[in-house]
Amino acid sequence: MPPEVFFSGPGLDRADVLRSQPDRIAELAARPDARELQWAEGLPLLDSAGRLAWTQISSPQLFLGLDGESPRFSALPLVDAGRLAFGLLADLDDRDAPLFACALSLANWHARHGHCSVCGQASDIVRGGWSRRCPGCGAEHFPRADPVVIMLAEHDGRLLLGRQPHYPPDRYSALAGFVEPGETIEAAVAREIREEAGIAVAHVRYVASQPWPFPSSLMIGCHARALSEALTVDYTELEDARWFTRDQVAAALAGDENAAFLPPPRHAIARTLLEEWLAA
Ligand SMILES: [Zn+2]
């Protein structure tokens, strides 16, 4: 069984064949069972049960898909939040998490890409919100997801974890970084670990992925074998990095108050990677 990752799951039927049929999308928006996502301060609004809040259609700019037969739309939020919302995520229902990620990431993209990157003209929303077309040069632009590798390096039964200065006290997590143009996932994993911890790795293995809508990343979770253990930490990137034993990781995930570190929260794929490693 692949590990369960927050923001993963079936979500809506995206019904993407309908995106190229504006008449059909307009018909769907006019149906009595059509609903529109509610927003608050640039983030999808949650009700008291942590479910996404829906209302009657007023500005169906983005066609999110079908919930059973019910068409689901969203307006573009007026405020671009795009910031980490860990407090909100703690309340978010698992079943709605994939749709939360989809809607927020798409809205973030529109908020930041209102002009054509070829000629600079203001572009128009087309394909039910899944693309923008420039009326000046005709270029079509599609929503992007930026690939980020996030990885555990293992050596002699211990795992390498690091902490960034903005983490809560005692938290350690997986190292991570953006995949650069011209790079494979494997090369990005090796480069990030070499840059941040000063060690070489081999046998990079894909574990799981996670959409991360702050603003629009795709986290690619990997495991790697470290070829040595003496670390040279890049203190411009990290506050610390160190090795943790299996027992230390188990105690941290179990919430032991005497654990050697505070693990990443449940909605972070870094936690899933730790759980997968312990279970293996
Ligand atoms: Zn253009």
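Four donors are classed as tetrahedral if all angles lie between 85 and 135 degrees. In this predicted model, local features require pLDDT of at least 70 and side-chain atom pairs count only at pLDDT 80 or more, whereas totals for chains, interfaces and linings use all residues. Residues are numbered from 1 along each chain as its sequence is written, and side-chain values use heavy atoms, with hydrogens and water left out.

The zinc ion is bound by the protein donors (N, O and S atoms within 2.8 Å of the metal, or 3.2 Å for Na, K and Ca) Cys 116 (SG), Cys 119 (SG), Cys 134 (SG) and Cys 137 (SG), at 2.3 to 2.4 Å. The angles among the four donor atoms span 97 to 118°, and the site is tetrahedral. Along the sequence, the donor residues follow the spacing C-x2-C-x14-C-x2-C. Cys 134 is buried (under 20% relative accessible area, 1.4 Å probe, protein chains only) at 2%, whereas Cys 137, at 39%, is partly exposed (between the 20% limit and the exposed class, over 50%).

Pockets were identified on a 1 Å grid over the protein atoms alone, as open sets of points where a 1.4 Å probe fits, with protein on both sides within 12 Å along at least five of seven lines; lining residues have an atom within 4 Å of a point. The largest pocket has a volume (the space filled by probe spheres set on the points) of about 820 Å³. Its lining comprises 33 residues, of which Gln 164, His 166, Tyr 167, Trp 212 and Met 219 are closest to the centre. The second largest pocket has a volume of about 460 Å³. Arg 14, Cys 102, Ser 105, Trp 130 and Pro 211 lie nearest its centre among 24 lining residues.

Notes: Four donors count as tetrahedral if all angles lie between 85 and 135 degrees; four count as square planar and six as octahedral if opposite donors are over 155 degrees apart and all others between 65 and 115; anything else is irregular.
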